[in-house]
Amino acid sequence: MEKTVEKTEEELVAGRSLVDLVFSWSISDVLDDYLHRNQVKKIPETFMSTEHYMDSFIPALIEETRADLSSNMRMVSQAPAREIISLEKSKEHKPPKDLFYKICFEKMRNNLNGKGIYDPGVGDLLALTDVRPKDIDDLNRPGFNYLLAYVHRLYKAQDNGGGDKYYTLSILTSKPIEFELEEQENKKESIIAGKGMRKNMKANVFVVYLVNMMTNIRIWRSLNSELGGGNMNIIQNVLQTSSADGQDCSHCLSEVNRSAALSGMEETITSYSDLNDSQQAAIVSCIGLSECRHQSTVKLIWGPPGTGKTKTVGWLLFSLLKLKCRTLTCAPTNIAVMEVTSRLLRLVRDSLEYKTYGLGDIVLSGNKKRMTISEKNDHLEDIFLDHRVRVLKYCFKPLSGWKHTVESLINLLEDPEHQYRRLENMERKNEEAERQDLEDEMLEIEVINNEKETDEVVDDQNKKGRNSRIILKEVLRALKDNKKKEKQKKKSVSPQKKKISRQKKLTKLEEKENQEDIPSFEEFVKERFKFLSTKLDILIAGLYTHLPTSIISLEVVKNMTRALDSLSCLKPLLNSVSVGEEGLKQVLNDFENEESGASQFSLLAFMRNDCVQKLNSLPRNFDVPDIFDVESKAARNFCLGNACLVFCTASSSANLHTEGATPISLLVVDEAAQLKECESTIPLQLSGLRHAVLIGDERQLPAMVQSKISDDAEFGRSLFERLVILEHKKHLLNTQYRMHPSISLFPNKEFYDRRIQDSSSVKKRNYQKQFLQGKMYGPYSFINVAAGKEQSNNGRSKKNLVEVAVVSAIVASLFKEFERTRERMSIGVISPYKAQVHAIQEKIGNSYNTYSNFSVKVRSVDGFQGSEEDVIIISTVRCNASGSVGFLSNRQRANVALTRARYCLWILGNGATLVNSDTIWKKLVTDAKERGCFYNADEDKSLSKAIMDVFLELDQLDDLLNVNFLLFRNARWKFCFSDNFRKSILKVRNEARQEVITLLATLSSGWRQSPEERNIIVLHGTSSELLENYRVNDQLSLIWTVDIVKENKNDTQILKVWDVLPLPDLPKLACRLDDVLGNYTVSKMNRCKQKCIEGDLIVPMRWSTSSGAALESRNPETDPAQLLSKPFASLVIRDQSEATTSRQPGRSRKYGFSSGTRGSRPGW
């Protein structure tokens, strides 16, 4: 029976059943966080069958899909969008269900109104609207009902000739499209789609990006056994677990059954001094799986922070490569995949026997843009799948590739006259196809000549090989750009114009040929030899770099190199010949006399013969299918199927589930504790897979889960964590190499039961670095930011701008130190809240981006997992009386944040809030106090100033003038401020406010003007005896007096600030204050005037109300500053004077005062 040519729904749209389910939700369904509350059950720890196992994840996956969509939909006003310029039904369009359309839109050069431009991708879920949405309601407008589209195919972007690109998408929609696009001059001709078209309805239509469903669709297909692998061996093994699980195969443990290669590799690992015992044991245990075919095994390697997990994985993979064990290495994210790939690649490059021969056994698959391969990670390009396919396509191109180049070079050397005549004929025929090949060749010659000049001065063979690969990249880029230009030209002109253009082009080429003439025979031979020999060089580099060792042997590569060496010797001999046209022909034809001393050019003839002989020894063909003539999936599958080590994310391993794919023997999952167990089923079902090694740490961050319901159901739990819960055996890496012992002490005690030891390297004296002066900036400290204030950012995230200012001040101090020492320094700033991360990034800006040896990275805790820096600053943000810390209480999140630093870890937070939280942070603050590592931010002058500056910047003067604020809390002199002063300071400029605060801080320390500098406001009256007038600047003066308040059973001197005023207003103030100060008794007046001098400073005095004797003393043990150490809020400020005389009614309450505490403003 013949197979039907029509594709099924599932073939057209992978995971169609999940897409249809999403289409069935209304907007209210999507926004309903309790929609699936009754359907989602907690995922068990053990399972009865593979069906029970797979089915257990599906409800939580559906809910998580809804939560992802809901989260993005709530932010729809910020979503990337694009206007549609054309729309048509596709050939698969079959109402009422298969609503397939093609849409097209133009790539815009600049963002419109600051909005993000949608960059299309397969798996995207889009909303179609007639406006750019400002809120969710715009997705469901009258006359334009809620309409979703799923992108299931993306066609190549096509240039329009003006630098812009047209993208065409094939989409499946939730409902029929019933609108007509508005026709505009710059749009393509509109094509009407849908049924029941509304004749008068024309609109601008936009696609709005909502979410990418690709990962969830792949998981869905895996759980529903739709991927094609169907291998349940390992999954069957992990349904339940026993003490025997994870144990080595008894048959393979026998030395008799071990291969010499495995025994030799185990000996290499155990003798390698750079690996500790726990690392060696873990690797040896895992590489034994490469030869075991008797059972399926899952092994766990437990890698706490800094224990060399990536290094261990690198050596494990390196060993498996040497043992030729076909292995897939996965990780949850592109970043994690690139990290482990980079580590492996460093080991491989250091061990390669010949240049880059052997890299063809390794392939990295992924999204080039997301992995930034050509920008930041070009060292991975040699193993990147897309680049490999392009290189091999170039190498095996029928009319210009490897075979053609070798034979052309042989023909040139054997019969140069024939080749020369062939060029003449080609020039005369002007065949377009041949002309195009000639143009491509000329372009190659131009690139090769430009790039090869730098290569010729390089002596090192490895560097020469690298330069050859660089030239190859440039050739590929130039050919690609040229191809684009040709397509643009073809699309931009009509057929008639094309014909005329082609004729003009040919005419111009002919004219050019007539002007320049065909090159002479001598020029042709020398230039042609130069081009072909150089091209052969880059083709050889491409072949030995990108073909697997199973297809190209080392002996063949060495023969290729010998041929290149011979060509290099022939080149200068050929260039040195200058005997004219006929003379060169005679020399090149002189094969018979190469051994005759009578021949002047016998050496040239000998070398030519040697080159031909070595070129003839090279293979023309390799055991490679004829699939590289076009870019195809078959070419990708060939590269993936013949590699020994394959790297990709767990999600994209779905692409390896292809019919007839070469089986994978072993699966290695890095960062396995961050991979959802349901997602790990994608690679676990690969055909032929026998064993798995999971590397991770369940005590660090798990996978992110959006839905609270799914999270409670353990949807984010990893297979690694579940196996640990079931007490599956794991290999612990027990030595940390990252953190100074002062940093590792607390996390080791709290998270790892003191099972991790510090390596000798971190214990050395030179590992303790003092980047800033002061004990506060030692290896480990908690910096108490008591004056902080948490704010909610639109109810979604939190920030603390005081901590932002403190972070900025510390980073500025570190940069100043860097400028002084010029020593390399990397700083990481971590906060659990996105709003705080954003606020810190805004504050710091791009100030430090231009310095190569000074880096500052600001990220969330999740963004820092796996990273490390010299200095880490943690901003905990939370600051409240209740001790509420939200998800900051998560122990795994705390563990990650506390283990990123190498030399210094400085934790910022409100100590009181964290202690009241009764979480891990309470333990941390208590531990810091016990270890003498607890400091107050205001103890550092630069931090104190930064805090004051932020209060001024935010106009939070009530907080700033609170005497419990750091400015006054530990000052010698306490203040109280009049209501008039508080009102006046709000009216002055920011610069003047800063000057007022600076003056207050100076006065609080005990500094005073000399008597000669005293500014007298008035000469007569009570106020003239007490009022002090200190100039703030040229316009303003601060007016204050010394006053007496009762504190417990003592009378204490304080500073009373009346106002800050322009100079002309001072006499009026003095006159009004005469009434208030006139109520003071003589005793109080005298006490206000008394001074206690300590060096150059004036200190406050205190009297016992019972004895009347002053308590001031110059003895440090009874320092007045110490006597005033209690918070000023405890002072009792009475609304009466000591005078027995009555006040004048209504006068004394005119100047109300407060101690600085909000809500308490007793009058004077």
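Guide: Helices (H or I, at least four residues) and strands (E, at least two) are DSSP runs, numbered from the N terminus. With that in hand, P96 can be placed in the loop between β2 (86-89) and β3 (100-106). The peptide bond leading from P95 to P96 is cis, and its omega is near 5°.

Visitor: What kind of model is this, and how are its residues numbered?

Guide: The model is predicted, so local features need pLDDT of at least 70 and side-chain atom pairs count only at pLDDT 80 or more, while totals for chains, interfaces and linings use all residues. Numbering runs from 1 along each chain as its sequence is written, and side-chain values use heavy atoms, with hydrogens and water left out.

Visitor: How many helices and strands does the protein have, and what share of its residues is buried?

Guide: There are 43 helices and 35 strands. Of the 1164 residues, 53% count as buried, a term that means under 20% relative accessible area (exposed is over 50%, partly exposed in between; 1.4 Å probe, protein chains only). The accessible surface of the protein is about 53,800 Å², and carbon and sulfur atoms hold 47% of that.

Visitor: What share of the contacts joins residues 24 or more positions apart?

Guide: Among contacts with a separation of 6 or more, 76% are between residues 24 or more positions apart. Contact here means heavy atoms within 4.5 Å.

Visitor: Let's look at one residue. Why is M213 called buried?

Guide: Its relative accessibility is 3%, so M213 falls on the buried side of the cut-off. You will find M213 in the loop between β10 (206-212) and α5 (214-223). Leaving aside residues up to four places away in sequence, M213 touches L18, V19, V22, T65, G123, L125 and Y150. D68 makes a nice example of folding back: 145 residues separate M213 and D68 in sequence, yet their C-alpha atoms are 9.0 Å apart.

Visitor: And what makes α5 largely enclosed?

Guide: Eight of the 10 residues of α5 are buried, which means that the rest of the structure largely encloses this helix. Those buried residues are M214, N216, I217, R218, I219, W220, S222 and L223. Their cover includes α2 (16-23), α4, β5 (148-154), β10 and α24. Just after α5, S225 takes a positive phi of about 55°.

Visitor: Two helices in that cover, α4 and α24, are called oblique to each other. Why?

Guide: Helix α4 (residues 50-73) and helix α24 (residues 677-684) pack at about 130°, with their axes 10 Å apart. Angles under 35 degrees count as roughly parallel, over 145 as roughly antiparallel, 65 to 115 as roughly perpendicular and the rest as oblique. The angle between α4 and α24 belongs to the rest, and the pair is therefore oblique. The residues that meet are Y53, M54 and F57 in α4 and E677, C678 and T681 in α24.

Visitor: How do you know that α14 is roughly antiparallel to α19?

Guide: The axes of helix α14 (residues 402-414) and helix α19 (residues 521-546) come within 10 Å and cross at roughly 150°. That angle is what makes α14 roughly antiparallel to α19. On the α14 side, W402, T405, V406, S408, L409, L412 and L413 make the contact. The α19 side includes F524, V525, R528, F529 and L532. By class, this contact has 13 nonpolar, three polar and two charged residues.

Visitor: What is the relation between α32 and α34?

Guide: The axes of α32 (residues 891-898) and α34 come within 10 Å and cross at roughly 40°. That makes α32 oblique to α34. R891, A894 and L898 in α32 meet I920, W921, K923 and L924 in α34.

Visitor: Why are D918 and D753 called exposed?

Guide: D918 has 61% relative accessibility and so counts as exposed. At 53%, D753 counts as exposed too. D918 sits in the loop between α33 (911-916) and α34 (920-930), and D753 in the loop between α27 (741-751) and β19 (757-758).

Visitor: What is the phi of D918, and of D753?

Guide: For D918, phi is near 55°, a positive value in a residue other than glycine. D753 is not a glycine either, and its phi is positive at about 50°.

Notes: Axes are lines fitted to C-alpha atoms, for helices over the stretch in contact, and angles run from 0 to 180 degrees between N-to-C directions. Ala, Val, Leu, Ile, Met, Phe, Trp, Tyr, Cys and Pro count as nonpolar, Asp, Glu, Lys and Arg as charged, and the others, Gly among them, as polar. Accessible areas come from the Shrake-Rupley method with a 1.4 Å probe; for residues, only the protein chains shown count as cover.
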